[in-house]
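Hi,

Here is the structure I said I'd hand over. Could you have a look at it before reading my notes underneath?

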Amino acid sequence: MQVTETPLPGVFLLEPRRFGDDRGFFCESWNKARMAEAGLDYDFVQDNHSMSAQLGTVRGLHFQSPPHAQAKLVRCGRGVLFDVAVDIRKGSPTYGQWVGYELSFDNGKQLLIPEGFLHGFATRTPDTEIIYKCSDYYAPECDGAVRFDCPDLGIDWGLSGDAVLSEKDAAAPVMADFDSPFVWEGAA
Ligand SMILES: Cc1cn([C@H]2C[C@H](O)[C@@H](COP(=O)(O)OP(=O)(O)O[C@H]3O[C@@H](C)C(=O)[C@@H](O)[C@H]3O)O2)c(=O)[nH]c1=O
């Protein structure tokens, strides 16, 4: 597993080693003990899998607030998506900054997003599947969102038309109207 920290400290790009043979490939997409040795010690308790039919679907930007905040380990099961993390920890030197990476079935890359970040993605192919591990269970009462196209964030999603959104995501507030429940606890 190649592990690379992104420009947002705490957010990591993971590239599992793929063992190819005549049948296809094999990879370990998560190995708790090995990742703990690399400093990424997470207890994931829920796996999520969604499919977005239309190219240009955006899900996000989402978070769960404490006491049910979630770290997530994200990968693409089919097609291509653009995955984004945004720092929303008040007082963080990188508050409001984002990183985005193309995750695809072909490249096998994964994004590790800790608590205190928004997460969202845009699909770059039809019928795109995302699979992600979460460090806490779904808690709808802690569910929150920020508009994916908030001008203060200025995320370049690479969309060629209007995004396909859920009603909930279309009604999400922009950063200026959003009071983050997360506070930066200092450099690790
Ligand atoms: C997230 C979630 C949803 N649901 C249900 C609630 C609802 O009826 C249906 C669809 O939920 P949503 O519209 O919130 O699904 P979606 O917009 O795909 O939400 C997800 O987006 C990505 C970007 C994330 O990071 C996730 O944490 C999650 O927020 O699934 C669960 O049962 N468990 C879950 O963990």
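Let's start with P67, which sits in the loop between β6 and β7. Strand names like these follow DSSP runs numbered from the N terminus, with at least two residues (E) for a strand and at least four (H or I) for a helix. The bond that joins P66 to P67 is a cis peptide, with omega at about 10°.

Before you go further, two notes on the bookkeeping. Residue numbers start from 1 along each chain, following the sequence as written. This is a predicted model, so to speak of local features I need pLDDT of at least 70, and side-chain atom pairs count only at pLDDT 80 or more, while totals for chains, interfaces and linings use all residues.

On confidence: the protein has a mean pLDDT (the predictor's per-residue confidence, from 0 to 100) of 97, with 99% of its residues at 70 or more. For the complex, the predictor gives an ipTM of 0.98 and a pTM of 0.97.

**Backbone oddities**

Most peptide bonds are trans, and most residues other than glycine have a negative phi. P66-P67 has company: the peptide bond from G60 to L61 is also cis, with omega near 5°. L61 belongs to strand β6. Then there is D127, which is not a glycine yet has a positive phi of about 50°. D127 is in the loop between β12 and β13. It counts as exposed because it has 12 C-beta neighbours inside 10 Å. (The cut-offs, with C-beta atoms placed from the backbone: buried means 20 or more other C-beta atoms within 10 Å of the residue's own, exposed means 12 or fewer, and partly exposed is in between.)

**The ligand site**

Which residues surround the ligand? The shell consists of N48, S50, R59, G60, H62, K72, H119, G120, F121, Y138, S166 and K168, taking a residue as near if its backbone-placed C-beta lies within 6 Å. The elements that give two or more residues to the shell are β5 (46-52), β6 (58-64) and β12 (117-123). By class there are two nonpolar, seven polar and three charged residues. Here Ala, Val, Leu, Ile, Met, Phe, Trp, Tyr, Cys and Pro are nonpolar, Asp, Glu, Lys and Arg are charged, and the others, Gly among them, are polar. G60, from the cis bond to L61, is one of the shell residues.

**Two sheets**

One open sheet has five strands in the order β10-β8-β12-β6-β14, with antiparallel pairing. Two strands pair when DSSP finds at least two bridges between them. β10 and β14 (143-145) are the edges, each pairing on one side only. From one strand to the next, the twist averages 25°, using lines fitted to C-alpha atoms as axes (for helices, over the stretch in contact) and angles from 0 to 180 degrees between N-to-C directions.

Within this sheet, β8 and β10 pair over seven bridges, one of the partnerships being V80 with S104 in β10. β6 pairs with β12 over three bridges, where H62 has H119 as its bridge partner; H62 and H119 are both in the ligand shell. Three bridges also join β6 to β14, and Q64 partners D143 there. β6 is largely enclosed by the rest of the structure, because six of its seven residues are buried.

The other open sheet has six strands, ordered β1-β2-β11-β7-β13-β5, again with antiparallel pairing. Its edges are β1 (2-5) and β5, each with pairing on one side only. The twist here averages 25° from strand to strand. Four bridges link β7 (residues 72-78) and β11 (residues 110-113); R75 has Q110 of β11 as its partner.

**The core**

Nonpolar side chains tend to be buried together in soluble globular proteins. In this model the largest nonpolar core has 35 residues, and those with the most contacts inside it are A85, V86, I113 and L118. (A core is a set of buried Ala, Val, Leu, Ile, Met, Phe, Trp, Tyr and Cys residues joined through C-beta atoms within 7 Å.) Elements giving it two or more residues include β2 (12-15), β6, β7, β11 and β13 (128-134). β8 supplies the largest share, five residues.

One last item: L55, in the loop between β5 and β6, counts as partly exposed because it has 18 C-beta neighbours inside 10 Å. Its C-alpha is 17 Å from that of D106, 51 residues away along the chain.

Cheers
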